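Please read this briefing with the structure beside you, and look for each place as the text comes to it. The points are grouped by topic, from single residues up to whole chains.

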Amino acid sequence: MSASVAPFVVLACGNPSRGDDALGPLLLARLDGWLRAEGVAGHFELIEDFQFQVEHALDLQGRAAALFIDAGEGTPAPFTLRPAQPDDALGHGTHAIPPAAVLAVYRRVVGGEPPPTSVLCVRGEHFALGEGLSPAAAAHLEAAWPRLQTFCHDLLRAMVREL
Amino acid sequence: MTYHLETAEHPEKLRRVAIDPVSRVEGHGKVTLLLDEDNKVRQVRLHIVEFRGFEKFIQGRPYWEVPVMVQRLCGICPVSHHLAASKAMDAIVGAKRLTPTAEKIRRLMHYGQIMQSHALHFFHLCSPDLLFGFDSEVGQRNIVGVAAKHPETARRGVLIRKFGQEAIRLTAGKRIHGTGSIPGGVNKSLSVEERDYLLKDIYQIVAWCRDAVHLARELHETDPALYNSFGIFRSHFMSLIGADGQMDLYDGRLRARDDSGAIHFDGVAQADYEKYIQEEVKPWSYMKFPYFRALGNERGWYKVGPLARVQNCDSIPTPLADAERREFLDYAGGMPMHTALGYHWTRMIEMLHAAETIKDLLHDPDILGGDLMTTGERGFEGFGMIEAPRGTLIHHYRVDENDLVSMCNLIVSTTHNNQAMNEAIRHVARRYLHGREITEGLLNHIEVAIRAYDPCLSCATHALGKMPLAVELVDAAGTLVHRLQRDA
């Protein structure tokens, strides 16, 4: 309900009770604790949801950069961290839409270009209701964590350079 | 009992087309069509290919955890599960009547859920089909395509949905995994600042919702031959009905009408649902098939959701939505409308009703009150029913002396509509696919019929790379002839 927003937004999606779909929320929770410990939590807004949707385009407004975190199925292990571009030709939609489509919605609904955005996709293996994190996914999470820290450090350094 | 086109003779001699999973439908669904050598449709089934295990997930948990954990059953309508479980657990803590503040905060949360879910469905899942046509290029037939061609429609859809989610956030305490509703009441009311934050936009939202009803109506009037017949079949309706026969999406008693609109049963208490509804298991789907006991499985199946609710109630207790309901009934000509696309029009009438209800609640001082909880004599069985966006949602629990859930039965909205969805796609298959070469556009007709019911087939697993759309053609020998796949 505040007019000012943090310069960086991290959006993670997944269902904590659906096995490896919990990768996004788990990384976000760990990131929350680390940012607080580092004393830089005020520069980041962390948003968790079950899936990415059109309204997340509104969460990108006024940001210097954005990061989407999600589990992946059949995606490269242990993780990928890649820039995302608006893409409005992504075939069929579902109840969820991919980050690139969120960026395309931003263009159409908010207007202008969305902030520089990256996607951290951590590979999962099992997604059944009531399951915990699989050993493989837990290893992928550990592999992704230092890269996520570095990514956030880089954002902060870039912000300081621009001051 | 099997229905026409449900089970073919000699299926081994038929060609199989699978739509797997159904795109823009929540969860894991699959449609299979069996075709003979002349492309005549011989069997059509909507399967649910994932065992959900909801009851096992919940049994053995402390009752006070249940309203929070059931939200993880579904990422699309978690608030409906949150509230249905809370209502059931009210009986466990002996809360026979909530405080006015608690009930109104829950209603505010629920109508926010109705609004955001209906907005997502109409503007983002169905408007691509409705505005571009069922045969349009597949790349255009998504919300991004709508945004490109109809930017104002897409923008309003985003903002209406966002408003509904803000109402949820402020009443549930969090954007997701909310804890606002608890057995016996709620754990927070609204502050004046929060109330005013919602109040400043609600009049615009009401106006946009009214425009959306008119858009849905115009679509019907523009092509009545299509809209009045697509996916049509006659069936019973069922929904909760509030006091004086009015629409009430939060609470009430069960009412059912037959296909001509005559009352089949009325005033049924939620605790008596098992006396009226039975579920049938079929070997080819994990989702059960409910029906009215008195009529049997052959004649007793029914529809739930917006098309049922708008035609089942005697009136809607908000003036703009009720005026639109009467216009809808006039258009239908005095008999119930059964076409699948009627769901979209009625869904928008309900979205308008939700907006008006939220407006009224925001002007009610009770939502700022501090009397949040009620308790009473401890109970051991609870029933919680609510009209979720997709239809009647039933939660039924027994809790033992150690406060642990010993029995759980859930009948979710989409399960009520299981037979209806199967009937709808069989009708569409007969009408559009029978004897023709199968194309992507024709297969989309099947999906349009399913999407009209807004099914929520599973729960929230949306990993990147998951939810592909695959269409498989398999010949009579079981050999894969052709496969198309687009990743979500």
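In this predicted model, D403(B) counts as partly exposed because 13 other C-beta atoms lie within 10 Å of its own, and a residue needs 20 or more to be called buried and 12 or fewer to be called exposed. D403(B) sits in the loop between strand 13 and strand 14 of chain B, and it has a positive phi of about 70 degrees although it is not a glycine.

**The hairpin around D403(B)**

- Strand 13, which covers residues 391-399 of chain B, pairs with strand 14, residues 405-411 of chain B, in the antiparallel sense, and the pairing runs over six bridges.
- The two strands, 13 and 14 of chain B, form a hairpin with five residues between them, and D403(B) belongs to the turn.
- To find one of the bridges, start from Y397(B), whose bridge partner in strand 14 of chain B is C408(B).
- As background for looking at such strands, side chains in a regular strand alternate between the two faces of the sheet.

**A further hairpin and a further positive phi in chain B**

- Strand 7 (residues 253-257) and strand 8 (residues 263-268) of chain B also pair in the antiparallel sense, here over three bridges.
- In this pairing, R257(B) has I263(B) in strand 8 of chain B as its bridge partner.
- Strand 7 and strand 8 of chain B make a hairpin with five residues between them, and G261(B) in the turn has a positive phi of about 100 degrees.
- D244(B) is found in the loop between strand 6 (236-241) and strand 7 of chain B, and it shows a positive phi of about 60 degrees although it is not a glycine.
- Is D244(B) buried or exposed? It counts as exposed, because it has 10 C-beta neighbours inside 10 Å.

**Chain B as a whole and its two domains**

- Chain B contains 16 helices and 16 strands, and 56% of its 488 residues are buried.
- Of the contacts in chain B between residues at least 6 apart in sequence, 70% join residues at least 24 apart.
- The domain assignment divides chain B into domain 1, made of 11-49 + 429-486, and domain 2, which is 54-416.
- Where these domains of chain B meet, 20 residues of domain 1 are in contact with 25 residues of domain 2.
- On the side of domain 1 of chain B that touches domain 2, strand 3 (41-48) and helix 16 (440-452) each supply at least two residues, and the largest share, eight residues, comes from helix 16 of chain B.
- That side of domain 1 of chain B is made up of 10 nonpolar, four polar and six charged residues.
- Helix 13 of chain B (residues 342-362) has 21 residues that should span 30 Å at 1.5 Å a residue, and its end C-alpha atoms are 30 Å apart, which agrees.
- Because 18 of the 21 residues of helix 13 of chain B are buried, this helix is largely enclosed by the rest of the structure.

**Chain A as a whole**

- Chain A has three helices and five strands, which follow one another from the N terminus in the order β-α-β-β-β-α-β-α.
- The radius of gyration of chain A is 15 Å, close to the 15 Å that the globule rule gives for 163 residues, so chain A is as compact as a globular protein of that length.
- Along the principal axes, the C-alpha atoms of chain A fill a box of roughly 45 × 40 × 30 Å.
- Buried residues account for 48% of the 163 residues of chain A.
- Among contacts in chain A between residues at least 6 apart in sequence, 74% join residues at least 24 apart.

**Places to find in chain A**

- Helix 2 of chain A (residues 99-110) has 12 residues and reaches 16 Å from its first C-alpha to its last, close to the 16 Å expected at 1.5 Å a residue.
- Since 10 of the 12 residues of helix 2 of chain A are buried, the helix is largely enclosed by the rest of the structure; among the buried ones are P99(A), L103(A), Y106(A) and R108(A).
- After helix 2 of chain A comes G111(A), whose phi is positive, near 95 degrees.
- A cis peptide bond, with omega about -5 degrees, joins A77(A) and P78(A), and P78(A) lies in the loop between strand 3 (65-73) and strand 4 (79-84) of chain A.
- A138(A) is part of helix 3 (residues 135-162) of chain A, and it counts as partly exposed because it has 14 C-beta neighbours inside 10 Å.

Key:
Residues numbered from 1 in each chain as written. Chains lettered and ligands numbered in written order. Predicted model: local features only at pLDDT ≥ 70, side-chain atom pairs only at ≥ 80, totals over all residues. Helix = DSSP H or I, 4+ residues; strand = E, 2+ residues; numbered from the N terminus. Rg over C-alpha atoms; globule rule 2.2 N^0.38 Å. Contact = placed C-beta atoms within 7 Å. Expected span 1.5 Å × (residues − 1). Domains from an automatic or database assignment. Nonpolar A, V, L, I, M, F, W, Y, C, P; charged D, E, K, R; others polar. Pairing = 2+ DSSP bridges.
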